[in-house]
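Reader: Hi! I have a structure open and would like to talk through its side chains with you. Could we take a look together?

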Amino acid sequence: MDASDANAWYLAAAASQCDTVEVAFLGGQQSPYLETRDGWTVDGVEYKCRIEFGVKAIDWRGLFKNPGPS
């Protein structure tokens, strides 16, 4: 977020104060999916991990950006 302005700072309200961001998980699976297999191209074990989710801002009133000092 500070790629556009390193002086800016941000605040977000506590989840108990304001529903600001909604997180949804595909199929209700809230933990990461982990697969392992014995390595064929490497000596050891190969791991594959993924989590499928989406995020959407639902209310702007719980978010604040201050531009910081000029």
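**Salt bridges and surface**

Author: Happy to. One place to begin is the salt bridge where the side chains of E52 and R50 meet, at 3.7 Å from N to O. Keep in mind that this is a predicted model.

Reader: Thanks! Are E52 and R50 buried, exposed or partly exposed?

Author: E52 is partly exposed, because its relative accessible area of 40% falls between the 20% and 50% limits. R50 is partly exposed too, with a relative accessible area of 38%.

Reader: How many salt bridges are there by this rule?

Author: The count comes to four. Among them is the one between the side chains of E46 and R37, with N and O 2.9 Å apart.

Reader: And how accessible are E46 and R37?

Author: E46 is partly exposed, at a relative accessible area of 23%. R37 counts as exposed, with 56% relative accessibility.

Reader: What does R61 form a salt bridge with?

Author: R61 pairs with D59, and their closest N and O atoms are 2.9 Å apart. The side chains of D59 and R61 are also joined by a polar contact of 2.9 Å.

Reader: Is D59 buried or exposed? And why?

Author: D59 counts as buried, because its relative accessibility of 15% is under the 20% limit. Its partner R61 is exposed, with a relative accessible area of 60%, and that is over the 50% limit.

Reader: Where does D59 lie?

Author: D59 is in the loop between strand 5, residues 53-57, and strand 6, residues 63-66.

Reader: Which residues is D59 in contact with, leaving aside its neighbours within four places in sequence?

Author: Those are C18, D19 and T20.

Reader: Let's follow T20, then. Where is the place of T20, and is T20 buried or exposed?

Author: T20 sits in the loop between strand 1, residues 9-12, and strand 2. T20 is buried, because a relative accessible area of 7% is under the 20% limit.

Reader: What is T20 in contact with, again leaving aside neighbours within four places in sequence?

Author: The list is K56, A57, I58, D59, G62 and L63. So the loop residue T20 has D59 among its contacts, and D59 is itself a loop residue, between strand 5 and strand 6.

Reader: Switching to aromatics: how many aromatic pairs does a search of the whole structure find?

Author: Two. One of the pairs is F25 with F53, at 6.5 Å centre to centre and with 50° between the planes. That pair counts as tilted, because 50° falls between the limits of 30 and 60 degrees. The pair links distant parts of the chain: F25 belongs to strand 2, residues 21-25, and F53 to strand 5, with their positions 28 residues apart.

Reader: How accessible is F25?

Author: F25 is partly exposed, with a relative accessible area of 28%.

Reader: Last topic: which residues make the nonpolar surface patch?

Author: V21, V23, I51, F53, V55 and L63 make a patch of about 510 Å². F53, from the aromatic pair with F25, is one of its members. L63, a contact of T20, is another member.

Reader: Which strands each supply at least two residues of that patch?

Author: Strand 2 and strand 5. V55 is found in strand 5 and is exposed, with a relative accessible area of 52%.

Reader: Lovely, thanks for the tour!

Key
Residues numbered from 1 in each chain as written. Predicted model: local features only at pLDDT ≥ 70, side-chain atom pairs only at ≥ 80, totals over all residues. Heavy atoms only, no water. Helix = DSSP H or I, 4+ residues; strand = E, 2+ residues; numbered from the N terminus. Buried < 20%, exposed > 50% of the residue type's maximum accessible area, 1.4 Å probe, protein only. Polar contact = N/O pair within 3.5 Å; in protein donor to acceptor, adjacent residues only side chain to side chain. Contact = heavy atoms within 4.5 Å. Phe/Tyr/Trp six-rings, centres within 6.5 Å; stacked < 30°, edge-to-face > 60°. Patch = residues over 30% accessible without salt bridge, like charges linked within 9 Å, V, L, I, M, F, W, Y side chains within 5 Å. Areas by Shrake-Rupley, 256 points an atom, 1.4 Å probe, with all protein chains shown as cover.
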